[in-house]
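Reader: I've got this one open and want to go through it place by place. Shall we start with a single residue and work outwards?

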Amino acid sequence: GIGGMVIDLRERKRTRTALHDTEENFRALAESANDGILIAIGLGTHAYVNPRMVEMSGYTAEELTTTIGLRELAHPEELERLLRIFQRRMDANEGPRCHPTRIVRKDGRVVHVEVTGSRTIWQGRPADTVIMRDITRRREIEQALRESEERYSILVEQSRDGVAIFQEDVIVFISRP
């Protein structure tokens with residue numbers, strides 16, 4: 001006798017096409033993002049980095065995915081805290097979802113970043129999706145504003161004349177002469 005089997009491959013092909021489309025959508029989004037994105041499989045392994053992460057860190061994509069892990073990228077003063085956050089996220093998907101920290105670029109410069117992380121699965125393995133926003137310039141502006149406010153306060157406090165600030169015909173500040 002002759003035996004045979006007919007397999008309808010249309011569903012398998014639709015699934016493959018949908019998976020391919022999803023991967024292409026992820027890549028298009030990640031590659032054009034203004035924030036650095038990396039997928040961390042372990043403390044020393046990044047499975048994926050986007051171009052902005054390469055730019056922010058000063059390392060090549062190859063370096064970031066082969067030899068540069070959290071221990072090398074994190075600022076030394078931040079390393080222990082970041083290791084705890086990573087471990088909590090991997091163990092129980094807990095810990096801060098968003099937090100500020102610092103990284104050290106390949107050239108040694110410190111970059112202040114705001115990190116948003118979440119646990120995910122990457123190619124069948126638990127992973128951490130990390131999005132880093134460079135906030136160095138914002139921090140510099142905030143520091144300059146604080147210093148300016150301090151100078152202004154000293155001037156007003158040491159002035160022999162009274163100082164009043166009006167906002168829309170309402171007094172919002174009066175100094176003590």
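Reader: Is Ile37 buried or exposed?
Author: Bear in mind that this is a predicted model, where local features need pLDDT (the predictor's confidence in each residue, from 0 to 100) of at least 70, side-chain atom pairs count only at pLDDT 80 or more, and totals for chains, interfaces and linings use all residues. Numbering starts from 1 along each chain as its sequence is written, and side-chain values use heavy atoms, with hydrogens and water left out. Ile37 belongs to strand E1 (helices, H or I with at least four residues, and strands, E with at least two, are DSSP runs numbered from the N terminus). Its relative accessibility is 11%, and under 20% relative accessible area is buried, over 50% exposed and in between partly exposed (1.4 Å probe, protein chains only), so Ile37 is buried.

Reader: How far apart are the C-alpha atoms of Ile37 and Phe166?
Author: Along the chain, Ile37 and Phe166 are 129 residues apart. In space, their C-alpha atoms are separated by 46 Å.

Reader: What about Ala61 and His46, how far apart in space are they, C-alpha to C-alpha?
Author: Ala61 is in helix H3 (residues 61-66) and is partly exposed, at 36% relative accessible area. In sequence, 15 residues separate Ala61 from His46. In space, C-alpha to C-alpha, the two are apart by 9.5 Å.

Reader: On to the rings: why does the pair of Tyr48 and Trp122 count as tilted?
Author: The structure has three aromatic pairs, with rings of Phe, Tyr and Trp (its six-membered ring) paired if their centres lie within 6.5 Å, and planes under 30 degrees apart called stacked, over 60 edge-to-face and the rest tilted. For Tyr48 and Trp122 the centres are 6.3 Å apart. The pair is tilted because its planes meet at 35 degrees.

Reader: How many residues apart are Tyr48 and Trp122?
Author: Tyr48 is in strand E2 (residues 45-49), while Trp122 is in strand E4 (residues 110-122). Tyr48 is buried at 8% relative accessibility, whereas Trp122 is partly exposed at 21%. This pair links distant parts of the chain, and the separation in residues is 74.

Reader: Which residues do ring pairs link into a cluster?
Author: The tilted pair of Tyr48 and Trp122 is part of it. Together with one more ring, the cluster is made of Tyr48, Trp122 and Phe26.

Reader: Any enclosed space? Which residues are closest to the centre of the largest cavity?
Author: A search of the whole structure gives one cavity of 30 Å³ or more, and about 250 Å³ of space lies in the largest. On a 1 Å grid over the protein atoms alone, a cavity is a set of points where a 1.4 Å probe fits but cannot get out, a pocket is an open set with protein on both sides within 12 Å along at least five of seven lines, and lining residues have an atom within 4 Å of a point; points are joined across faces, edges and corners, and a volume is the space filled by probe spheres set on them. E1 (36-42), H4 (70-73), H5 (79-92), E3 (98-104) and E5 (125-134) each supply at least two lining residues. Of the 20 in the lining, those closest to the centre are Leu70, Leu82, Asp128, Val130 and Met132.

Reader: And the largest pocket: which element gives the most to its lining?
Author: The volume of this pocket is about 180 Å³, and Tyr152, Val156, Phe173 and Arg176 are among its lining residues. Helix H6 (136-158) and E7 are the elements that give two or more residues. With four residues, the element that gives the most is H6.

Reader: In E7, what is the bridge partner of Ile165?
Author: Strands E6 (residues 164-167) and E7 (residues 170-174) pair in the antiparallel sense over four bridges, where pairing takes at least two DSSP bridges between the strands. For Ile165, the partner in E7 is Phe173.

Reader: Which residue of the hairpin of E6 and E7 takes a positive phi?
Author: Most residues other than glycine have a negative phi, and most peptide bonds are trans. This hairpin has two residues between its strands, and the one with a phi of about 50 degrees is not a glycine. At 74% relative accessible area it is exposed, and the residue is Glu168.
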